[in-house]
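Ready for a few warm-up exercises? Take a look at the protein below, then work through the tasks one at a time.

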Amino acid sequence: MMANVAKAKTRTFTQKARRAQIVQAAIETLAESGYAKASFSRISRQAKLSSTGMISYHFSGKPELFAEVAGTVVGRAGEFTAARIADESTHRGRLSAYIRACSDFIARHPLEARALMEIARLVRDGQIAGLDDVRDSVTSVDRLVELLEQGRTAGEFGSFDCPTMALAVRGALDNVLRHHMCSSPDQLHYVTQELVAMFDRCTRPA
């Protein structure tokens, strides 16, 4: 891990730009074709590279490339969600903003969402090794737990186990949004509003 961080710090602007180009092509390929067809050859064509050797130069293999893809998408989603939460002054408002932001990110960034879901499936089913860090980042609910704990301390939420509630929120979002990814914007908006209302009721003080 430390070696990767040190290597990242020494990359030139051109190297960083090329890696970003490859990562974006991998996102698009995963989203459109799935893991089984996401070969270096296909990713290379998507990125308009002269050969797969340019991918191999920057990434040792699929685990490193897909870890970079997951980190990139998780980072983008995190920034998107954090900006929405920051606009709210109450913890209840932040929970609702979190749910809406997750839905909006999928609506606005469908390729990234599909690519991340594909990687999450690979990690869950054990189809590709070397992605332990990815599993931890994709499945983490630490920030949501912190939000719920702060709201409970402030008296805005009822008495419940915050890690369990966080998993319930995340699980509902993942499954409902996965089911509705191909739905119309109106359908997705309706489902999101239902989730917001449901968890608002579930977390209210008795």
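**Exercise 1: a charged patch**

Find the residues that form a negative surface patch, then place Glu146.

Step 1. Asp142, Glu146, Glu149 and Asp161 make up a negative patch on the surface. Patch members have over 30% relative accessible area and no salt bridge, with like charges joined within 9 Å. A salt bridge here is a Lys or Arg side-chain nitrogen within 4 Å of an Asp or Glu carboxyl oxygen.

Step 2. Glu146 sits in helix H9, residues 142–153. With 44% relative accessibility, Glu146 is partly exposed; buried is under 20%, exposed over 50%, and partly exposed in between, using a 1.4 Å probe and protein chains only.

A word on ground rules: this is a predicted model, where local features need pLDDT of at least 70 and side-chain atom pairs 80 or more, while totals for chains, interfaces and linings use all residues. Numbering starts from 1 along each chain as its sequence is written, and side-chain values use heavy atoms, without hydrogens or water.

**Exercise 2: the cysteines**

Work out how many disulfides the structure holds.

Step 1. The count is zero, where a disulfide means two cysteine sulfur atoms within 2.5 Å.

Step 2. For Cys102, the nearest cysteine sulfur belongs to Cys202, 17 Å away. Cys102 is buried, at 11% relative accessibility.

Step 3. Cys162 is in no disulfide either, with the sulfur of Cys202 14 Å away. Cys162 is buried too, at 2%.

**Exercise 3: the whole chain**

Count the helices and strands of the protein chain.

Step 1. You should get 11 helices and zero strands; helices are DSSP runs (H or I) of at least four residues, strands (E) of at least two.

Step 2. Of the chain's 206 residues, 40% are buried.

Conventions:
Patch = residues over 30% accessible without salt bridge, like charges linked within 9 Å, V, L, I, M, F, W, Y side chains within 5 Å. Areas by Shrake-Rupley, 256 points an atom, 1.4 Å probe, with all protein chains shown as cover. Lys, Arg positive; Asp, Glu negative; His and termini not counted. Charge placed at Lys NZ, Arg CZ, Asp CG, Glu CD.
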